[in-house]
Amino acid sequence: MAGIKRVGVLTGGGDCPGLNAVLRGLVKASSFDHDIHVVGFEDGFAGLIKDRTIRLDADAVSGILPRGGTILGSSNKDNPFRVPAMINGELTFEDRSDEAMRTFDRYGLELLVVIGGDGSLAIGNQLAEKGMPVIGIPKTIDNDLGATDVTFGFDTALSTACGALDKLHTTAESHHRIMVLEVMGRYAGWIALEAGLAGGGDIILVPEIPFKVESVVSAVKDRKFLGRNYTLIVIAEGAKAEGGEVHVAKVVEESTDAIRLGGVGDWLAAELEKRLETEVRVTVLGHLQRGGSPTAFDRILGTRYGVHAAECAAKGMKNVMVSLKGIDITEVPLSDAVKELRRLDPQSELVHVARSVGTRFGDE
Ligand code: F6P
């Protein structure tokens with residue numbers, strides 16, 4: 001594989017800020033340092049199945065560094081191993097991975113770079129098992145991939161959530177209200193915990209620490225007793241009450257991961273209003289966390305990932321995922337990359353620090 005000349009790239013799953021920085025890093029380093037030609041596939045794996053490509057050279061990626069989203073388009077529904085099809089009015093799924101393999105060959109590609117979260121990287125791994133050489137790049141605002149210390153996109157989502165908390169703080173204080181901010185993160189509480197820490201959340205509720213409504217009520221009352229007539233609660237969309245279930249907003253059958261979480265913030269607000277006299281308002285931050293210009297951190301991390309992927313390609317490496325370990329960019333086997341989700345450790349230093357400054361987690 002050493003000396004490869006043609007590489008394909010796609011951005012799969014939910015988008016996040018920094019995708020364009022990765023594409024720019026990959027394309028520029030491929031072209032300037034390694035004389036590798038890059039072909040972009042549109043809308044994630046859909047482009048590979050349906051043969052839809054985009055010219056990707058240094059000119060095409062010029063000026064995209066600060067842009068949110070992805071110039072390639074993305075999709076979290078198009079899995080070549082499970083393509084939705086309506087047959088006799090019924091939703092069925094077809095394996096069209098052979099078509100994806102054929103598109104790859106048609107362009108004379110020697111490697112596919114998959115920029116994605118656990119779902120897209122798992123598909124990349126399946127394609128690798130079928131014989132397509134793949135390099136993964138870890139993307140998601142959720143920061144929940146076990147094989148890297150940090151995914152790009154997380155820092156931007158975090159700063160959006162922290163900014164929202166700062167704004168809620170002032171209005172909560174004026175109106176003596178309880179403000180609930182529901183943030184994304186799926187089954188991991190990274191955005192909630194770190195935004196809560198950075199934005200001074202009084203109560204942080206995360207999936208890894210099931211909460212009791214009564215404990216949340218006590219935390220609000222304790223604050224009142226100290227003269228604090230308002231409370232900021234940050235709740236992760238995947239948080240659940242002890243003995244309860246996660247709140248599902250939607251089931252998207254065609255998607256590899258069909259469950260869309262959401263609604264726990266409204267549920268908690270209703271429970272609190274039954275037990276307290278204070279008014280409760282809910283803000284669901286939603287896709288604002290995925291949009292907009294990436295932070296400097298995400299631009300740099302994204303660029304490093306893209307450049308490193310080009311270097312791996314030039315060295316003939318395959319079936320690895322680029323990864324941040326400490327301060328270094330390295331690689332891990334692609335099969336390891338999709339093994340486990342990275343979730344919060346309730347005993348971790350970050351949780352300890354939050355508790356030390358008086359933050360409550362609803363588990364006391
Ligand atoms: O994985 C990223 C993420 O933004 C999650 O935090 C969230 O649960 C999900 O994607 C939302 O997906 P969709 O864009 O399909 O609503």
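**Pockets, cores and a cavity**

Modeller: In this predicted model, the lining of the largest pocket takes at least three residues from each of domain 1 (6-152 + 292-337) and domain 2 (156-290 + 345-356).

Colleague: Which helix gives the most to the lining of the largest pocket?

Modeller: The largest pocket holds about 830 Å³ of space, and among the 39 residues that line it, Gly 14, Asn 76, Arg 186, Arg 260 and Arg 290 lie nearest its centre. Two or more lining residues come from each of helix H4 (118-129), strand E8 (178-183) and strand E12 (259-261). With 5 residues, the element that gives the most to this lining is H4.

Colleague: From which helix does the largest share of the lining of the second largest pocket come?

Modeller: The second largest pocket has a volume of about 240 Å³, and of the 16 residues lining it, those closest to its centre are Asp 202, Arg 223, Val 357, Gly 358 and Thr 359. The elements that give two or more residues to this lining are helix H6 (190-199) and helix H7 (213-225). The largest share, 4 residues, comes from H7.

Colleague: How do the residues lining the largest cavity divide into nonpolar, polar and charged?

Modeller: The structure holds 1 cavity of 30 Å³ or more, and about 30 Å³ of space lies in the largest cavity. Its lining is made up of Ile 178, Val 220, Lys 224, Arg 228, Asn 229, Tyr 230, Thr 231 and Thr 278. By class, these lining residues come to 3 nonpolar, 3 polar and 2 charged.

Colleague: Which helix gives the most to the largest nonpolar core, and with how many residues?

Modeller: The largest nonpolar core has 64 residues, and those with the most contacts inside it are Val 9, Ile 115, Ile 137 and Phe 152. This core draws at least three residues from each of domain 1 (6-152 + 292-337) and domain 2 (156-290 + 345-356), while apart from it lies another core, of 24 residues, with Met 101, Phe 104, Met 132 and Val 134 among them. The helix that gives the most to the largest core, with 8 residues, is H5 (residues 154-175).

Colleague: Which exposed residues sit on the face of H3 turned away from its buried side?

Modeller: In helix H3 (residues 97-106), the buried residues are Ser 97, Ala 100, Met 101, Thr 103 and Phe 104. They lie on the same side of H3 because they cover an arc of only 160° around the axis. The face turned away from that buried side carries the exposed residues Asp 105 and Arg 106.

Conventions: Residues are numbered from 1 along each chain as its sequence is written. This is a predicted model: local features need pLDDT of at least 70, side-chain atom pairs count only at pLDDT 80 or more; totals for chains, interfaces and linings use all residues. Side-chain values use heavy atoms; hydrogens and water are left out. On a 1 Å grid over the protein atoms alone, a cavity is a set of points where a 1.4 Å probe fits but cannot get out, and a pocket is an open set with protein on both sides within 12 Å along at least five of seven lines; lining residues have an atom within 4 Å of a point. Grid points are joined across faces, edges and corners, and a volume is the space filled by probe spheres set on the points. Ala, Val, Leu, Ile, Met, Phe, Trp, Tyr, Cys and Pro count as nonpolar, Asp, Glu, Lys and Arg as charged, and the others, Gly among them, as polar. A nonpolar core is a set of buried Ala, Val, Leu, Ile, Met, Phe, Trp, Tyr and Cys residues joined through side-chain atoms within 4.5 Å. Buried means under 20% relative accessible area, exposed over 50%, partly exposed in between (1.4 Å probe, protein chains only). Domain bounds come from an automatic or database domain assignment. The arc is that of the directions from the helix axis to the C-beta atoms.
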